[in-house]
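This report describes side-chain packing in one protein chain. It covers the nonpolar core, the aromatic pairs and the cysteines.

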Amino acid sequence: MSFILSGRKKFTRQATNGIKIQSYCSMQEVELVRKCLEGDQKACKELYSSYAPKMLGLCHRYIAHTAEAEDALQEGFIKIFQNLQSWRHSGPLGAWIRRIIVNTCLSKIQAHGPEVLNGSETLVPEIQVEPDIFYSLDYQAFEQILKSMPIGYRTVFNLSIIEGYSYEEIATLLKIKEVSCRSQLHKAKQFLYQRIHSLYPNLKLPA
């Protein structure tokens, strides 16, 4: 992954009104995309191999079945290469790729029908998930717990806790009511807490 992490610089571009606008991208990213757009197959392979492993892990967080997660990855990268010219240098290439992969996963989840994402519309209290819970688990253990969640819980949990979307944004993405998002996240946190407690009874959890 050295290609992704190396050479990151902060660029500025001069706006027409004389104000400098800062943007963050990588010289390597810009050059790699340029070569891909020119049809350089070696560059296309480099882009894929640089980002695909991490994006596959992301797909597995949303989609429990391995074959379907791999399909989402492939479909996502087809969209990425088809729309590569639309990437703007105002942000990291990896963030742009991530959004496309997440949206592809959501499309596959929604294909199962709206009932898998619609939760109760009863207002529920917030539950705080302490970061120490996650730090106490290795990635594989946490991933397995996520995979065992009902699909609605898992999807909203990923979008809210890991991706950082607001309830309003999640409701728009999933085409469900905001109160359903809150309900699903509440239940996801309960599920996570209970599963961790059952699997790791000696692990100290917040009351």
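Two residues are in contact here when heavy atoms of one lie within 4.5 Å of heavy atoms of the other. The model is a predicted one.

**The nonpolar core**

By that criterion, and with residues up to four places away in sequence left out, I101 touches M55, L58, C59, L73, G76, F77 and I80. I101 is also one of the residues that touch the most other members of the largest nonpolar core, a set of 49 residues; the others are L47, Y62, F77 and I97. At least two residues of this core come from each of α2, α3, α4, α5 (93–110), α7, α8, α9 (167–174) and α10 (178–199).

Helix α2 spans residues 27–37, and its buried residues are E29, L32, V33 and C36. Because these cover an arc of only 95° around the axis, they sit on the same side of α2. After α2 comes G39, which has a positive phi, near 90°.

**Surroundings of Y62**

Y62 belongs to helix α3, which runs over residues 41–62. Its relative accessibility is 0%, so Y62 counts as buried. Neighbours within four places in sequence aside, Y62 is in contact with V102, C105, L106, I109, R154, T155, N158, L159 and E163. With E163 there is a polar contact between the two side chains, at 3.5 Å. Y62 and I151 are 89 residues apart along the chain, yet 7.8 Å separates their C-alpha atoms.

**Aromatic pairs**

The structure holds four aromatic pairs. In one of them, the ring centres of F77 and F81 are 6.3 Å apart and the planes are at 40°, so this pair is tilted. F77 and F81 are both in helix α4 (residues 66–82), with a spacing of four residues, about one turn of the helix. How do the two differ in burial, buried or partly exposed? F77 has 2% relative accessibility and therefore counts as buried, while F81, at 30%, counts as partly exposed. Together with Y48, F77 and F81 form one aromatic cluster.

Another pair is F142 and F157, with ring centres 6.5 Å apart and planes at 55°, so this pair is tilted as well. The pair links distant parts of the chain: F142 lies in helix α7 (residues 139–148) and F157 in helix α8 (residues 151–162), 15 residues apart. F142 counts as buried because its relative accessibility is 11%, under the 20% cut-off. F157 is buried too, with a relative accessible area of 0%.

The burial of the four phenylalanines in these pairs is set out below.

| Residue | Relative accessibility | Class |
|---|---|---|
| F77 | 2% | buried |
| F81 | 30% | partly exposed |
| F142 | 11% | buried |
| F157 | 0% | buried |

**Cysteines**

How many disulfides does the structure hold? There are zero. C105 is thus a cysteine in no disulfide, and the nearest cysteine sulfur, that of C59, is 3.7 Å away. A pair of sulfur atoms would have to lie within 2.5 Å to count as a disulfide, so C105 and C59 do not qualify. C105 is buried, with a relative accessible area of 0%. C181 is likewise buried, and its relative accessible area is 0%. C105 is among the residues in contact with Y62, and C59 is among those that I101 touches.

Conventions: Residues are numbered from 1 along each chain as its sequence is written. This is a predicted model: local features need pLDDT of at least 70, side-chain atom pairs count only at pLDDT 80 or more; totals for chains, interfaces and linings use all residues. Side-chain values use heavy atoms; hydrogens and water are left out. Buried means under 20% relative accessible area, exposed over 50%, partly exposed in between (1.4 Å probe, protein chains only). A polar contact is a pair of N or O atoms within 3.5 Å; within protein, one must be able to donate a hydrogen and the other to accept it, and residues adjacent in sequence count only if both atoms are side-chain atoms. Rings of Phe, Tyr and Trp (its six-membered ring) pair if their centres lie within 6.5 Å; planes under 30 degrees apart count as stacked, over 60 as edge-to-face and the rest as tilted. The arc is that of the directions from the helix axis to the C-beta atoms. A nonpolar core is a set of buried Ala, Val, Leu, Ile, Met, Phe, Trp, Tyr and Cys residues joined through side-chain atoms within 4.5 Å.
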